[in-house]
Amino acid sequence: LQLRLGPQAMVLRQRALPYAQQLFEGIQSALLQAPLCQLQTPGGHRMSVRTSSCGPQGWVSDERGYRYATAHPDTNKPWPSIPVAWQTLAIDAASEAGFNGFMPDSCLINQYTPESKMSLHQDRNESDFTQPIVSISLGMSAVFLWGGMQRSDRPSQVLLHHGDIVVWGGTDRLRFHGIKHLTGAPHSECGAMRYNLTLRRAR
Ligand code: MD3
Ligand code: FE
């Protein structure tokens, strides 16, 4: 159950399905320690996606820019650690997609409701673009926009479902990408919500 999106981008369909319950529980406990925030973009807009993080580095945004930080912007406490099971799953998925030696130090937790979307963007806040990114989708299905190297390149659309893992690296690492508004049916365990866990090497 693998779908190739590009030379170095691969969807591992249902790869996280056996771990879904455990992943939901881990998310709930991480969010107790590090509550979700609707971050401001440097342009002064409020993101429609709610975010938090695990690991030594967490992704944050405010009027000063996008960056990684070692503490939660509201509580100023260090981020909770990445659950070992998430780390193992991400490392295994990365090597199944051809990336050995992945050592994530950050896991972004994105929460989508039907009001949320993520506009086309590149992930450029990490220091080493040779490290892949592993993303785990949970809850409602979403249309993922898979673009090119320029924002103006027309993206293709890929449905991501509960339990899918996507691995991106190499030449596909800096492609523009985004997520459309959720439109499908609510999920049996998670309601009208989608979670995405994105494991990265930030530093
Ligand atoms: C493709 N998140 O957090 S999957 C993000 O579903 C982000 O929450 C989306 O884009 C989500 O930045 C998309 C993760 C993803 C991350 C990095 C990528 C997809 C990528 C880098 C290159 C291409
Ligand atoms: Fe992204």
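# Notebook: two helices, a hairpin and a ligand shell

I began with helix H1, whose buried residues pack against strand E3 (50-54), H2, E6, E8 and E13. I note here that I am reading a predicted model. The buried residues in question are Leu 23, Gly 26, Ile 27 and Ala 30. Looking down the axis of H1, I find that they fall within an arc of 105°, so they line one face of the helix. This fits the general rule that an α-helix has 3.6 residues a turn, so residues three or four places apart point the same way. On the other side of H1, I listed Gln 21, Glu 25, Gln 28, Ser 29 and Leu 32 as exposed. I also checked the length of H1: its 14 residues should span 20 Å at 1.5 Å a residue, and the end C-alpha atoms are indeed 20 Å apart.

Next I turned to helix H2, which runs over residues 84-96 and has 13 residues. Its first and last C-alpha atoms are 18 Å apart, close to the 18 Å expected at 1.5 Å a residue. I wanted to know which residues of H2 are buried. They are Trp 86, Leu 89, Ala 90, Ala 93 and Ala 94. These buried residues cover an arc of only 130° around the axis, which puts them on the same side of H2. Val 84, Ala 85 and Thr 88, on the other side of H2, are exposed. For the cover over the buried residues of H2, I noted E2, helix H1 (20-33), strand E6 (106-112), strand E8 (133-139), strand E11 (165-168) and strand E13 (194-200) among the contributing elements. Just after H2, I came upon Gly 98, which takes a positive phi of about 100°.

I then looked for positive phi in residues other than glycine. As a rule, most residues other than glycine have a negative phi. Gln 14, in the loop between E2 and H1, has a phi near 60°, and with 14 C-beta neighbours inside 10 Å it counts as partly exposed. Asn 76 lies in the loop between strand E5 (65-69) and H2 and likewise has a phi near 60°. Asn 76 has 8 C-beta neighbours inside 10 Å and therefore counts as exposed.

At the start of the chain I examined strand E1 (residues 2-6), which is hardly covered, since the count of buried residues among its five residues is zero. E1 pairs with strand E2 (residues 9-12) in the antiparallel sense over four bridges. A hairpin of two residues joins E1 to E2, and Gly 6 stands opposite Ala 9 in E2.

Around ligand 1 I found 14 residues, of which Asn 110, Ile 133, Ser 135, His 177 and Asn 196 come nearest. The elements giving two or more residues to this shell are E6, E8, strand E12 (177-179) and E13. Sorted by class, the shell has five nonpolar, five polar and four charged residues.

My last entry concerns Met 193, which I located in the loop between E12 and E13. Is Met 193 buried or partly exposed? Met 193 is partly exposed, because 18 other C-beta atoms lie within 10 Å, whereas 20 or more would be needed for a residue to be buried. Leaving aside residues up to four places away in sequence, Met 193 touches Gln 111, Tyr 112, Thr 113, Gly 139, Met 140 and His 187. Met 193 and Ile 179 are 14 residues apart in sequence, and their C-alpha atoms are 13 Å apart in space.

Terms used
Residues numbered from 1 in each chain as written. Chains lettered and ligands numbered in written order. Predicted model: local features only at pLDDT ≥ 70, side-chain atom pairs only at ≥ 80, totals over all residues. Buried ≥ 20, exposed ≤ 12 C-beta atoms within 10 Å, placed from the backbone. Pairing = 2+ DSSP bridges. Expected span 1.5 Å × (residues − 1). Arc of directions from axis to C-beta. Contact = placed C-beta atoms within 7 Å. Near = placed C-beta within 6 Å. Nonpolar A, V, L, I, M, F, W, Y, C, P; charged D, E, K, R; others polar.
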